[in-house]
Amino acid sequence: MRKLYVGNKNYSSWSMRPWVLMKQAGIPFEEVKVRFDSFDANSQFKNTIGALNPVAKVPVLVDGDLVVWDTLAIAEYLAETFPEKQLWPRAMADRARARSICAEMHSGFGSLRSLCVMNIEASLTDVGARLLKDNPGLQGDVDRIVQMWTGLLDAHGGPMLFGEFGIADAYFAPVGTRIKTYGLPVPAAVSAYIERVQALPGIKAWIDDALAEKDFLQFEEPYRTAR
């Protein structure tokens, strides 16, 4: 049985991506959760994950003797291993576009990722309003998300970005949680897409686990006191 190593579900956006992809696609795996105790070099988290991959970060997929780290590499490996799942779109042009937006997420949206850290359990709408007011870069990131999603939904007719659920939807699933946590204003079509994604069984399972976790960590809580 392949194993997927993930961090705390309330906070770990990168872990969420391959987990929900595999769960929603029906790819069997064993979850191994490694708690975020700290990210110091001598922490239990770093020692555990560092024994699996040189960057000592989650997620990590272990499939037999093969170890794959980095979310995009895991997604590509799964797409090649399970071609019948059609994790990338069928049309070549759509596959290229889907890879482009995933790579954009991977390396971009710095303001959204650094300011609106993932925190599924929290409700931080007042914080979100302040962040938007004080950080033009954040509004720029939100505008780009709206442009991207509405364009793809219009082009493919929904219900997902490329018609059917795939890697692109899994890749942007944590963005939907950020938009809801921080109450970031988006058009109705974007809100509806977020709701459709979060209603999918694989994504709902992650969110439910995150809400039940109740493992609040001070260093992951820049806007409220951990309980």
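What pattern does the protein follow, read along the sequence? I started my notes there, with a predicted model open in front of me. The answer I wrote down is β-α-β-α-β-β-α-α-α-α-α-α-α-α. My tally of the secondary structure comes to 10 helices and four strands.

**Overall build.** I looked up the radius of gyration next: at 17 Å it is close to the 17 Å that the globule rule gives for 227 residues, so the protein is as compact as a globular protein of that length. Along the principal axes, I have the C-alpha atoms filling a box of roughly 45 × 45 × 30 Å. I noted that 52% of the 227 residues are buried. Of the contacts between residues at least 6 apart in sequence, 69% join residues at least 24 apart. The exposed surface is about 10200 Å², and 53% of it comes from carbon and sulfur atoms.

**Cavities.** I then searched the whole structure for cavities of 30 Å³ or more and found two.

The largest holds about 50 Å³ of space. I listed its lining as W149, D169, F172, A173, G176, Y193, I194, V197 and Q198. Helices α8 (167–181) and α9 (188–199) are the elements that each give two or more residues to this lining. I sorted these lining residues into six nonpolar, two polar and one charged.

The second largest cavity has a volume of about 40 Å³. Around it I wrote down R17, P18, L21, T71, A75, I167, A170 and Y171. Here the elements giving two or more residues are α1 (13–25), α3 (71–81) and α8. By class, I count six nonpolar residues, one polar and one charged in this second lining.

Notes
Residues are numbered from 1 along each chain as its sequence is written. This is a predicted model: local features need pLDDT of at least 70, side-chain atom pairs count only at pLDDT 80 or more; totals for chains, interfaces and linings use all residues. Side-chain values use heavy atoms; hydrogens and water are left out. On a 1 Å grid over the protein atoms alone, a cavity is a set of points where a 1.4 Å probe fits but cannot get out, and a pocket is an open set with protein on both sides within 12 Å along at least five of seven lines; lining residues have an atom within 4 Å of a point. Grid points are joined across faces, edges and corners, and a volume is the space filled by probe spheres set on the points. Ala, Val, Leu, Ile, Met, Phe, Trp, Tyr, Cys and Pro count as nonpolar, Asp, Glu, Lys and Arg as charged, and the others, Gly among them, as polar. The radius of gyration is taken over C-alpha atoms; the globule rule is 2.2 Å times the number of residues to the power 0.38. Buried means under 20% relative accessible area, exposed over 50%, partly exposed in between (1.4 Å probe, protein chains only). Contact means heavy atoms within 4.5 Å. Accessible areas come from the Shrake-Rupley method with a 1.4 Å probe; for residues, only the protein chains shown count as cover.
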